[in-house]
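Me: I am new to this structure and would like a close look at a single part of it. Could you take me through that part slowly, in plain words?

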Amino acid sequence: MDSRREIGKILFHSRGFTLLELVLATLISTLVIGILSVSLSFSLRMWARQQGRTPSEIPMIMELLALQLANFDPTPLPSELGATAQFFIGDETSLALATDHSVKALSNGVPVVARYVYQPKDKILYYAEIPMDPYHPEPLRDFLEMKPSDDEDAWPRFFPVEVEEFSIEYSAEGEGEYKDSWDDRDKIPKAVLIKWNFQDNSFSRLMLPGVPFPPDTESNKVLSAPGGS
């Protein structure tokens, strides 16, 4: 009889949770639900942000610039003073050069003069090209003086690419000191350093004019990213 009472007491005490156990279980459940809610909210915000972004055309325009620099055309062209020299003119926000690589083969195999112009106020990098003609310098002069625009009917057509920041630097030795302009009519730079910023990331790319097969280290490099050191 006593054994039955002992068994009954044990069963009675094991039928439920204590108040402390219920409080702890509720607290743990609340914490888990809160963490899951925050994670889900963060994931939804990131997904919405990615959906709102459009693919950048900067990688394509940088690859085009690298190819055009690698295929630099040394054919002498008339300068503003009438003398002839290799055509390469650049400053911090613009670059014009003679090259054998055309963006869409618009010149039917004829070398072209390519022009890049960045407008910081609008945060747009413009690109245009015209066939290279060493015997008629007037179209080239007009081309260099032309202000870029989004007019699709204009000739030559300037193609706009959105980029938050963009700059060009030049080196006479290939590495070491760089300057923000190049006006040496007797030679071209050994290296051209391109820097740009897009979607809170900073990038740089070292390009070598006249070098068709640059080293592997010439690929795009991220300089800084959100939260980075």
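How many aromatic pairs does the count come to? Please start there, and then show me the strands and helices around them.

Reply: Happy to help! Please keep in mind that this is a predicted model. The count comes to 7 aromatic pairs.

Let's begin with one of them, Y118 and F166. The centres of these two rings lie 5.7 Å apart and their planes meet at 55°, so the pair is tilted. This pair links distant parts of the chain, since Y118 sits in strand β5 and F166 in strand β8 (residues 165-171), 48 residues apart. Y118 has a relative accessibility of 5%, so it counts as buried. F166 counts as buried too, at 6%.

Another aromatic pair is made by W196 and F203, and this one is stacked. Here the distance is 5.6 Å centre to centre, with 15° between the planes. W196 is buried, with a relative accessibility of 5%. Ring pairs also link F72, F88 and Y170 into a cluster.

Now for the strands, beginning with β8 and what follows it. Strand β8 runs antiparallel to β9, and 7 bridges join the two. If you would like a spot to find on screen, look for S171, which stands opposite A191 in β9. Strand β9 covers residues 191-198, and 7 of its 8 residues are buried, so this strand is largely enclosed by the rest of the structure.

On to the next partner: β9 is also joined to strand β10 (residues 201-207) by 7 bridges, and these two run antiparallel. One bridge to look for is that between I194 and its partner R205 in β10. Together β9 and β10 form a hairpin with 2 residues between them. Q199, in the turn of this hairpin, has a positive phi of about 50°.

Let's go back to Y118 and its strand, β5. Strand β5 belongs to an open sheet of 5 strands, in the order β3-β4-β5-β6-β7, with antiparallel pairing. The edges are held by β3 (88-90) and β7 (159-162); each has a single partner strand, so one side of each is left without a neighbour in the sheet. On average, neighbouring strands of this sheet are turned by 15° against each other, direction ignored.

At the β7 edge, β6 (residues 124-131) and β7 pair in the antiparallel sense over 4 bridges. Y126 stands opposite P160 in β7. Two helices pack on this sheet. Helix α3 (residues 58-70) touches β3, β4 (94-99), β5 (112-119), β6 and β7, and its direction makes about 40° with that of β6. Helix α4 (residues 137-145) touches β4, β5 and β6, and its direction makes about 175° with that of β6.

Strand β6 deserves a closer look, and two of its residues make good stops. E129 lies in β6. The relative accessible area of E129 is 8%, and buried means under 20%, so E129 is buried. Its side chain makes a polar contact of 2.5 Å with the side chain of S102. A polar contact of 2.5 Å also joins the side chains of E129 and Y127.

The next stop is I130, also in strand β6. I130 has a relative accessibility of 5% and counts as buried. Leaving aside residues up to four places away in sequence, I130 touches V112, V113, P139, L140, F143, W155 and P156. R115 is 15 residues from I130 in sequence, and their C-alpha atoms are 8.8 Å apart in space.

Finally, here is how the whole chain looks around these parts. The chain has 4 helices and 11 strands. Of its 229 residues, 32% are buried. Among contacts between residues at least 6 apart in sequence, 53% join residues at least 24 apart. The accessible surface comes to about 15300 Å², and 58% of that belongs to carbon and sulfur atoms.

Note on methods:
Residues are numbered from 1 along each chain as its sequence is written. This is a predicted model: local features need pLDDT of at least 70, side-chain atom pairs count only at pLDDT 80 or more; totals for chains, interfaces and linings use all residues. Side-chain values use heavy atoms; hydrogens and water are left out. Two strands pair if DSSP finds at least two bridges between them. Axes are lines fitted to C-alpha atoms, for helices over the stretch in contact, and angles run from 0 to 180 degrees between N-to-C directions. Contact means heavy atoms within 4.5 Å. Buried means under 20% relative accessible area, exposed over 50%, partly exposed in between (1.4 Å probe, protein chains only). Accessible areas come from the Shrake-Rupley method with a 1.4 Å probe; for residues, only the protein chains shown count as cover. A polar contact is a pair of N or O atoms within 3.5 Å; within protein, one must be able to donate a hydrogen and the other to accept it, and residues adjacent in sequence count only if both atoms are side-chain atoms. Rings of Phe, Tyr and Trp (its six-membered ring) pair if their centres lie within 6.5 Å; planes under 30 degrees apart count as stacked, over 60 as edge-to-face and the rest as tilted.
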